[in-house]
Amino acid sequence: MLASCSNSGTSTTDIIYIQNVTSSESYSNNTTEKDDVPIVDLISEDPAEWLRKFLIYSRSKNALFCIPCRMFGGSTKLATEGLMDWKNVIKIVKQHEVSKEHTNCQIVFLRRSNNIGRIDSDLCIQINNEIDYWKNLLKRVIAVIKKLGSRGLPFRELISEFDPFLSNHIVQHGNPGSGHTSYLSSTTCDEIITLMTTQVTNVIIKVIKSAKYFSIVIDSTPDISHIDQLAYVIRYVRDDGFPVERFMCFLPNTGHKSETLETAVLSFLTKHDIDINNCRGQSYDNAANMSGIYSGLQARIVKKNPYAYYVPCAAHSLNLVGTCVAECVKEGLSFFNTIQHLYSFFSASTRRWDILKSSLTLGKKVVKRADGTRWSARHEACDSLYQNYDGVIRSLSLLEEDDFEKATTRCKTVGLRHQLDRFETVFMTVFWNAILERFNSTKYEFDKVRTKKRKLQADETRENEVNMTRSDKLRIETYFTILDRVKSELEKRCAAYINTFDKYDFLTNLILLSPEEITHKANKLQEFYNDDLEKSFACECVHFRAYLQSINKNIDGVIELSIHLRGNNLDTVFPNVDIALRMLLCMAITSCSAERSFSTLKRVKNYLRASMEGNKLNSLSLLAIEIELVNKMDFDAIIDDFATRKSRRKAMSTRH
């Protein structure tokens, strides 16, 4: 359109739109030598006043022009010589834009701007057809990427068999050679994947900043190529009051030292301009490098932000209690090793498995593996052995007496049967199933062995020596030790949750508590979070309690309370209550979201794609995990972004 001004003697390369001049760097050359004042400031201090699309500026003439008036015969200075009176520019422009001559020229300009009235209308139609064609193609490419990427599936072009448009495109542009565009190459596919991932990430980051408070969830696992991948998840509260956890990325090779983990966590937040001071919680597993109270990752984060409370993963607690208990005594380790050896022995041969199944009573469970990461796997293994003890021994006896079995198999059978004949194995089986009535009915293996006397020191006698029976030894060194460890481990983990959530417990019992109790507990919370909660917090809580009583509606749970507050726009009436609820809800109490991302990692980076790493791995993982956000993406926005970044010159086709 600016090309039409060539008859004015003003080069189009010297013309700029006033509305495009937005910074001092952009218009530093557009100042008068006398006053050295930017043109934008001369026109108006209000940007809405100087966004006049009809104005252009010529650097060569250092003057303002009105495009419509200059093109269609205007007689003012803005149309002929150009306006250079910068001191009176505001007054002159305002008078000009309300003049009849300018209005008529504007109408002609707009009429000529329509495609129907333009001499290049056929060319415009062809350009629009080309744009629509490539947009339709990119929409299909993006749809395929979104569908396959969200499921972690390999990318193929089989959709062309069911889409006539894409099938015709592949025929015409499928393999034309270099210098031609088809948008079906792997490079284009990777570029679109990156754009989609960027859009999803930007949406998540924007909502996190809007929510303000958040917590982080970190966990790691090795992938198929033995690269340690650190899953990064952020939990926050949405605008509707509902807490969500979003997968951000996998950070490769961060190491297992707390220093390197701290660097990785903080670098990600800094990269996306997320303030660590707004972090209100951390949730990791119970590994020492993560949960250590002195130099672990959680302790290092707390030094940066004392409000970032560490909450041990609640989903791991009982599992870890069982693991600690099983490993606290020798008999516990020996017992579960025996169960795992039983499973491995029978499952390694179909014939042995059939013999085991035939020896079991109808409806009984076969032996289970005991080396699963979850404690439930060990419980099932113990329970199956408890139900099938006689059948397992019977199966081992048959294999031991079978002359057709290999010598190594028969030798393993003898060893396993000997383990099952021990009372300690029987006791541990019953103990883990909470049935102890067989405790006094079986003779201890220790009683079969000669008791070894401890060698006395020079100043010792045997008068004060305590001699325990074998039953006392098992009871004291195994049974009581296990019970003590169960108690101590449960108390330790329970204390971590109590210390964190005791501050907020009154929010879940507002109706049941008295105004005095609410005021006391609310003041304690406000004193602790004095930068987030105002002193009127206690008064708000009392008023909020009265509101809940007045609506006569049963609102059960903190999440429902937050949703009700936001859903009824009450966050403006009780802003501090809303802040307290968001801080509580943004705390992550499990690292399950990080662990669930490992399943996606295994699907995306399988043995066929073991060399995949870096941005592409993160992009495909994000598309597969955050499918909810991917489905809400705007195709047109992605296409426009792709066109802006990867604009290509393409000869106009003669296709009709």
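This note walks through the salt bridges, a surface patch, a strand pair and the nonpolar cores of a predicted model.

1. **Salt bridges overall.** The count comes to 20 salt bridges. Three pairs and one network are taken up below.

2. **Asp190 and Lys616.** These two residues form a salt bridge, with the closest N and O atoms 3.3 Å apart. The pair links distant parts of the chain, 426 residues apart. Asp190 sits in helix α8 (residues 186–211). Lys616 sits in helix α25 (residues 614–625). How exposed are the two partners? Asp190 is partly exposed, at a relative accessible area of 31%. Lys616 is partly exposed too, at 37%.

3. **Glu262 and Arg300.** Here the side chains meet in a salt bridge at 3.5 Å, N to O. Glu262 belongs to helix α9 (residues 258–271), and Arg300 to helix α11 (residues 297–304). The two residues lie 38 apart in the chain. Is Glu262 buried or exposed? Its relative accessible area is 14%, which is under the 20% cut-off, so Glu262 counts as buried.

4. **Glu400 and Arg417.** This salt bridge has its closest N and O atoms 2.7 Å apart. It links helix α16 (residues 389–401), which holds Glu400, with helix α17 (residues 407–421), which holds Arg417. The separation is 17 residues. Glu400 has a relative accessible area of 22% and is partly exposed. Arg417 is also partly exposed, with a value of 22%.

5. **A salt-bridge network.** Which residues are joined into one network? They are Arg246, Glu626, Glu628 and Lys632, connected by salt bridges that share partners. Arg246 comes up again in point 8, as a contact of Ile234.

6. **A nonpolar surface patch.** Leu123, Ile127 and Ile131 make a nonpolar patch of about 230 Å² on the surface. Leu123 is found in helix α6 (residues 121–149). Why can Leu123 belong to a patch? Its relative accessibility is 43%, and patch residues need over 30%, so Leu123 passes that cut-off. At this value Leu123 counts as partly exposed.

7. **Strands β5 and β6.** Strand β5 (residues 228–237) is joined to β6 by 9 bridges, and the two run antiparallel. Val237 has Pro243 in β6 as its bridge partner. The hairpin has 5 residues between the strands. Within this hairpin, Gly241 takes a positive phi near 90 degrees. How enclosed is β6 (residues 243–252)? Of its 10 residues, 8 are buried, so the strand is largely enclosed by the rest of the structure.

8. **The largest nonpolar core.** This core has 66 residues. Which of them touch the most other members? They are Met196, Phe214, Tyr232 and Ile234. Helix α8 gives the most to this core, with 10 residues. Ile234 has a varied set of neighbours beyond four places in sequence, including Ile208, Phe214, Ile216, Val244, Met248, Phe268, Leu269 and Ile274. Ser215, Glu245 and Arg246 are also among the residues that Ile234 touches.

9. **A separate core.** Apart from the largest core lies another, of 34 residues. Among them are Leu510, Tyr529, Cys541 and Phe574.

Note on methods. Residues numbered from 1 in each chain as written. Predicted model: local features only at pLDDT ≥ 70, side-chain atom pairs only at ≥ 80, totals over all residues. Heavy atoms only, no water. Salt bridge = Lys/Arg side-chain N within 4 Å of Asp/Glu carboxyl O. Helix = DSSP H or I, 4+ residues; strand = E, 2+ residues; numbered from the N terminus. Buried < 20%, exposed > 50% of the residue type's maximum accessible area, 1.4 Å probe, protein only. Patch = residues over 30% accessible without salt bridge, like charges linked within 9 Å, V, L, I, M, F, W, Y side chains within 5 Å. Areas by Shrake-Rupley, 256 points an atom, 1.4 Å probe, with all protein chains shown as cover. Pairing = 2+ DSSP bridges. Core = buried A, V, L, I, M, F, W, Y, C linked by side-chain atoms within 4.5 Å. Contact = heavy atoms within 4.5 Å.
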